[in-house]
Amino acid sequence: MKLFEFRNGYAGRMSLSMNMRTLIGGVCASVLMATTGGAMAAALEGRVKDVDGQPVGGVIVTVTAKGLNSNTLTTYTSTNGHFAFPDIGADKLTAKSLRIQKIGYVPVGTPKIKMQGKGYVASVDVKHIDNVASQVPGSAWMAGFPDKPAAHSIVLNCAQCHHFPFPKAMDYIAKFSALPDDQREKVWYDVMKFMRVKAIAIAPGDAGDVSKYPLKTFSHDGNNGFSKQDEAMMVPMLTKYMPKKFDTYAFADYQKLLAPIGGPATLIREYQLPPPDQSMWHDSAIVRKKDGTLFMYAADWVNPRMARLNPATGELRMMPFPKGLAGAHTLVPDHDGKIWVTFQVSSHMGRFDPETETWQTWTVGKSGWTEGSEGGGLIHSIAYKAGFEVGFDAGGGVWSSLGGTNQLVRLDPKTGKTAVVDGPPTGEAPEVGERTLVSGIYGGVMTADGKHVWFTQLEGSLFSVNTETMKIEQIVAIPRGDGPRRLTIDKNDILYVPLNGAGSLLVYDARAKKTVGSYPLPDRAAAPYSANWDAFSNSVWMGGGSASRMYRFDVASKSYTEYPLPSTENIIIRTIPIDQKTGDVYFSYSPVALLKKPHMMVWLKPDTAEQAKKTAKVSTDASGS
Amino acid sequence: MRLVLGISAVLVGLSGMGNAMANEKLFVEKAKKNHCYECHRNGEAFIGPSFLQIKDRYKGQESNKEFVDYLANKIINGGGGAWGPTPMNSNPQVSKAEAKKIVKLIFKLEKQ
């Protein structure tokens, strides 16, 4: 059996469509989808079973069709193999196509579909496979690394731009795997060199023309996200633990990386964003307008525009930024329904009024890309309060990180005045200094009383600053390599800090000033970038981009549920705004511009008691013939 | 006669220089487009050997069709071992014709 046959990212998952070309079997379906013209919202449902007739639970079932308000609609099969889209309006859809994915399974033959009442019912056969090498996400190949910060550092530094390892990387790694240890180590150091060049090559326009920089530009730690100190941690680990071949992965081994899957009432909608390919849809936000309509916004870091989506209708509008604003990074709404945006490249803060569609902007920090140890300000993340809204301190100030200089900046929006606070030292080499990208202050939150902001440093600590005295108060050391990025806070000032490198959730009580616990994800290389607290279900959501799934941490039971996504390659998931009234989560796929796709906004409605009731009502005994 | 020859020699020399500049310009354009400068430089060793180092090592082989083919395949498929343990990345986006053109232009590069 050709194991590489279906390698395409991890599109070893098979696709079926109803009117159709199967990748296995090669039999065309000749089922006609007649419409009944029925008045009710006709359901589409079905059952997935294996060739022995056993039901298969946890299968990702995705519908695409003309007439859907989103590009795709996805749910999961229940433990009895059943799936249902109760309100899909199946009789009004045309060009329907069904895609089935589950790691460890491939489809067999033709799905049998028949009309039942006013809806449609499908029966899908799959076959279990034991070698899942062509299907597993990149994170799975990191499972053999030790649980140490030096190994975590690899996920932290590599997964911020791409899955690691991804197919091209695997092909390259296989090229030198047979070399003796000392030579393999030398190659990994050269890979680090190459990645330093890539970090500059991705800069927009002329700034990305690497040929015009003197070579010493690339070896200066101030121009890179990781330092020589980090390379000295990562390279020995890579030399010792990176797999040498990528053609075999046992199904049973992959099961160890999984949490229980979301229930069959889960609904995931993906909405395609428009070209150009070279975009990076970074952060997302949701805002209800005065009339109650919920809109989702996403910011393009590369092209100066914001996307506004009505998830209920699928209506999508592009909204350009005012001239001169570049590098849109963070979007956070405030309690008045206005959206605050940081512009990382041009060094601005912007506040957008969705009702009048007007902007107010302020210059904040030093502009431009990092230059040696000088460092552009690179205004990064705005501190927000529980519920993901902009935090204002007692004087009405807004706090943000300057990722390029290891500083925080406080902006007074009334006067435009700014004040800067140095972040704690992270132990960089003297010739590099502390005011650089490597020290990287990242995400921030504000306590309920507005008196303290807590920020993370990518290569350092979790620390707080008093918003009145402007002085550092607490410093919580985090091992270098574990990589805290974008944290969240609940209404009791409990901090939830996803460790991007370590693949765990650090929980810290900011009032009691002590760590509550650390909760590792089942897949330690999933690279959780950010977290958001949901008041509706008292849980914390994280994106596991490198594992192509979302995780929900239930605070009461301290347990994870996972929500694998229908799109898998290249995805990085950044901020996750949550509708605190319903517990629905929203996020965008955010691959770096060079990777070109997928560019989609996503609305994930997790299983709730209400949804489960609706699903159970629809006929459950679809047997096909 | 000697004056005419002298002037011809100068003119040939000048057009040679013009050709060298045009070749280098074309080479730089192709190398930038195909991401070659992420590992190589024209005159300095970097992650990979410099193009002048490559030209020097294989001096005299540029008229050998099979050798040009071999180097063109290296560009497309990558490889390892010729200059150290670090393999060269594959560049599948480069066509055979383009790769051969690039190889020939390497041999036309002049020392600065």
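Two strands count as paired if DSSP finds at least two bridges between them. Keep that in mind for chain A of this predicted model, where Trp340(A) has Arg351(A), a residue of E15(A), as its bridge partner.

**A sheet in chain A**

That pair belongs to a bigger story. Strand E14 (residues 339-343) of chain A and strand E15 (residues 348-353) of chain A run antiparallel, joined by 5 bridges. Both sit in an open sheet of 4 strands, in the order E13-E14-E15-E16 (chain A), and the pairing is antiparallel. At the edges you'll find strand E13 (328-333) and strand E16 (358-363) of chain A, each pairing on one side only. From one strand to the next, the twist averages 20°.

**Chain A as a whole**

Stepping back, chain A holds 7 helices and 37 strands. It has 625 residues, and 53% of them count as buried. If you take the contacts in chain A with a separation of 6 or more, 61% come from residues 24 or more positions apart.

**One buried residue**

For a close-up, try Val497(A), which lies in strand E28 (residues 494-499) of chain A. Is Val497(A) buried or exposed? It has 30 other C-beta atoms within 10 Å, so Val497(A) is buried; the cut-off for that is 20 or more. Once you leave aside neighbours within four places in sequence, Val497(A) is in contact with Thr456(A), Leu462(A), Pro484(A), Leu487(A), Leu506(A) and Tyr508(A). Met542(A) is 45 residues away from Val497(A) in sequence, yet their C-alpha atoms are 9.9 Å apart in space.

**Two helices of chain A**

Next come H3(A) and H5(A). Here is how their expected spans line up with the model:

| Helix | Residues in helix | Expected span at 1.5 Å a residue | Distance between end C-alpha atoms |
|---|---|---|---|
| H3(A) | 21 residues | 30 Å | 30 Å |
| H5(A) | 14 residues | 20 Å | 20 Å |

Expected and modelled values agree for H3(A), and they agree for H5(A) too.

Which residues of H3(A) are buried? They are Arg184(A), Val187(A), Trp188(A), Val191(A), Met192(A), Phe194(A), Arg196(A), Val197(A) and Ala199(A). These pack against H2, helix H4 (216-219) and helix H5 (228-241) of chain A.

H5(A) has its own buried set: Asp230(A), Glu231(A), Met233(A), Met234(A), Val235(A) and Leu238(A). Helix H1 (149-158) and H3 of chain A are included in what covers them.

**Where the chains meet**

H3(A) also turns up where chain A touches chain B. The contact takes 17 residues from chain A and 13 residues from chain B. On chain A's side, the elements giving two or more residues are helix H2 (167-176) and helix H3 (181-201). H3(A) provides the largest share of that side, with 9 residues. By type, the residues on chain A's side are 9 nonpolar, 2 polar and 6 charged.

**A helix pair in chain B**

Over in chain B, helix H3 (residues 65-77) packs with helix H4 (residues 96-107) at an angle of about 115°, and their axes are 8 Å apart. The crossing of H3(B) past H4(B) is right-handed. From H3(B), the residues involved are Val68(B), Leu71(B), Ala72(B), Ile75(B) and Ile76(B); they meet Lys96(B), Ala99(B), Lys100(B), Ile102(B), Val103(B) and Lys104(B) of H4(B). Sorted by type, the residues of this contact come out as 8 nonpolar, no polar and 3 charged.

Notes:
Residues are numbered from 1 along each chain as its sequence is written. Chains are lettered from A and ligands numbered from 1 in the order in which they are written. This is a predicted model: local features need pLDDT of at least 70, side-chain atom pairs count only at pLDDT 80 or more; totals for chains, interfaces and linings use all residues. Axes are lines fitted to C-alpha atoms, for helices over the stretch in contact, and angles run from 0 to 180 degrees between N-to-C directions. A crossing is left-handed if the near helix is turned anticlockwise from the far one by less than a right angle, and right-handed if clockwise. Two residues are in contact if their C-beta atoms, placed from the backbone, lie within 7 Å. Ala, Val, Leu, Ile, Met, Phe, Trp, Tyr, Cys and Pro count as nonpolar, Asp, Glu, Lys and Arg as charged, and the others, Gly among them, as polar. A residue is buried if 20 or more other C-beta atoms lie within 10 Å of its own, exposed if 12 or fewer, and partly exposed in between; C-beta atoms are placed from the backbone. The expected span of a helix is 1.5 Å times one less than its number of residues.
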